[in-house]
Amino acid sequence: MFEVDSAIDEVRAALLSTRNLQARLAQIFRSTFDQLYDGQHTGRYSWDQLYKTEKTHFGTLLEISLRRELVEVIDDGERLDFKIAGYDIDCKYSYRMGGWMLPPESFGQLLLVCNSDDAKSEWAVGLVRARPEYLRSGVNRDMKSGLNEAGRSAIDWLFWGADLPPNVLLEVDEGTRSSIFAPRSGQKRVNQLFRVVQRRRIGRNTVATVAQQDDFMKRVRANGGARSALAAEGILVMGGDYGSHQRLALALGLEAPLPGEFVSARVTQASFDDANFVELDGKIWRLATETDPDGQAPSLPTTKVG
């Protein structure tokens, strides 16, 4: 039996009472990865592409983002990183589950332990007190220790294996990824992205990584962007910043893009007898199958209405 720690219960309750906590944490982890990749300028999209020094910086960036984005529940700590529900807490991150390194000032203190894996598209956040019996017997040259098996088992997980917003460049196969990056033109690369990665949420950072241009969002829009370039192939590019586009995606049987995301899909004319359909340009449309011929896509709503 683990000793009852009322401080952990109070901190847990304070965190879980925070509005949309899981979605906000997921976005914080996503944006921290994307900030390190800096895909718009480097074309990188994977943890393995980072330098060792960049990887060690993830925890610092995560800590800053947590403090900035969860300001209603996290304050500056007096001796440690954070103060939550009146308790000082040390924030620790490790890409490897269980690999948190704890300096002497963390011993005996409350820990907010964090883990994320972009390749697995998941993250976790938990609470534990660094009791002496939860620490490894030895320390390294910097006098740092880590949680032993008992300590790792004692973690009170707020979220475990939670979904990260997608990084489709990691999820697609090498052939698909190569075809996306093959064109020399940023616009043609973005077109290819929405052509070959359909019916899946695509984040704006993925677009920036593929375009590698300052005006990367222009590469998505109509009037010369992917929306107009792919319309002749029957492909719609729906944006999560438009409530009307989100509803269209859902009506077609797709997962709706969140704000800052896109979903592309090829459509064809249909009838009211189809299970999932939408009405655009005065006609009925459904998702196209491989046997349906290409045809001109209908126009999407252009105003950001709810």
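Let me begin with a hairpin: S4 and S5 form it with four residues between them, and within the turn Ser 121 has a positive phi of about 60°. The model I am presenting is a predicted one, and this hairpin is a convenient way into its sheet.

The two strands of the hairpin, S4 and S5, run antiparallel and pair over eight bridges. Within that pairing, Val 113 stands opposite Gly 126 in S5. On the other side of the discussion is S3, which pairs with S4 in the parallel sense over five bridges. There, Tyr 93 is found opposite Cys 114 in S4. S5 in turn is joined to S6 by five bridges, and these two strands run antiparallel. Trp 123 has Ala 162 in S6 as its bridge partner.

Taken together, these strands belong to an open sheet of six, in the order S1-S2-S3-S4-S5-S6, with mixed pairing. Strand S1 (75–76) and S6 stand at the edges with a single partner strand each, so one side of each is left without a neighbour in the sheet.

I return now to S4, strand 110–117. Eight of its eight residues are buried, so S4 is largely enclosed by the rest of the structure. Leu 110, Leu 112, Cys 114 and Ser 116 point one way from the strand, while Leu 111, Val 113, Asn 115 and Asp 117 point the other way, and all are buried. Colleagues may wish to note that Asn 115 and Asp 117 are in this buried set.

What surrounds the sheet? The largest nonpolar core contains 37 residues, and those touching the most other members are Leu 15, Phe 29, Leu 66, Ile 84, Leu 112 and Trp 123. Two or more residues come from each of helix H1 (6–16), helix H2 (21–37) and helix H5 (58–69), and likewise from strands S2 (82–84), S3 (87–93), S4 (110–117), S5 (122–129) and S6 (156–163). The largest share, eight residues, comes from H2.

A second core, separate from this one, has 22 residues, including Val 190, Val 207, Ala 211 and Leu 230.

Leu 15 deserves a closer look. Setting aside its neighbours within four places in sequence, Leu 15 is in contact with Leu 21, Val 73, Ile 84, Leu 112, Leu 127 and Leu 158. Leu 15 also appears in the lining of the largest cavity, together with Leu 21, Leu 25, Leu 66, Leu 70, Ile 74, Leu 112, Val 125 and Leu 158. That cavity holds about 50 Å³ of space, and the structure has one cavity of 30 Å³ or more. By class, its lining comprises nine nonpolar residues, no polar and no charged.

I turn next to the pockets. The largest has a volume of about 690 Å³. Its lining consists of 29 residues, of which Gln 27, Arg 30, Pro 165, Arg 201 and Glu 261 lie nearest the centre. Two or more lining residues come from each of H2, helix H7 (168–171) and helix H10 (204–211). H2 gives the most, with nine residues. By class, the lining has 10 nonpolar, 11 polar and eight charged residues. H2 thus has a part both in the largest nonpolar core and in the lining of the largest pocket.

The second largest pocket encloses about 580 Å³. Of the 19 residues that line it, Thr 56, Tyr 93, Ser 94, Gly 99 and Met 101 lie nearest its centre. Helix H4 (52–56), H5 and S3 each supply at least two lining residues, and H5 gives the most, with four. This lining divides into seven nonpolar, six polar and six charged residues. Tyr 93, listed here near the centre, is the residue already mentioned opposite Cys 114.

My last element is H10, which contributes to the lining of the largest pocket. How is this helix placed with respect to the rest of the structure, buried or exposed? Six of its eight residues are buried, so H10 is largely enclosed by the rest of the structure. The buried residues are Thr 206, Val 207, Ala 208, Thr 209, Val 210 and Ala 211. They pack against helix H3 (39–42), H7, helix H8 (174–181), helix H9 (186–196), strand S7 (202–203) and strand S9 (261–269). Of these buried residues, Val 207 and Ala 211 are also members of the second core. Just after the helix, Gln 212 takes a positive phi of about 50°.

Key
Residues numbered from 1 in each chain as written. Predicted model: local features only at pLDDT ≥ 70, side-chain atom pairs only at ≥ 80, totals over all residues. Heavy atoms only, no water. Core = buried A, V, L, I, M, F, W, Y, C linked by side-chain atoms within 4.5 Å. Buried < 20%, exposed > 50% of the residue type's maximum accessible area, 1.4 Å probe, protein only. Contact = heavy atoms within 4.5 Å. 1 Å grid on protein atoms, 1.4 Å probe; cavity = no way out; pocket = protein on both sides within 12 Å on 5 of 7 lines; lining within 4 Å. Points joined across faces, edges and corners; volume = space filled by probe spheres on them. Nonpolar A, V, L, I, M, F, W, Y, C, P; charged D, E, K, R; others polar. Pairing = 2+ DSSP bridges.
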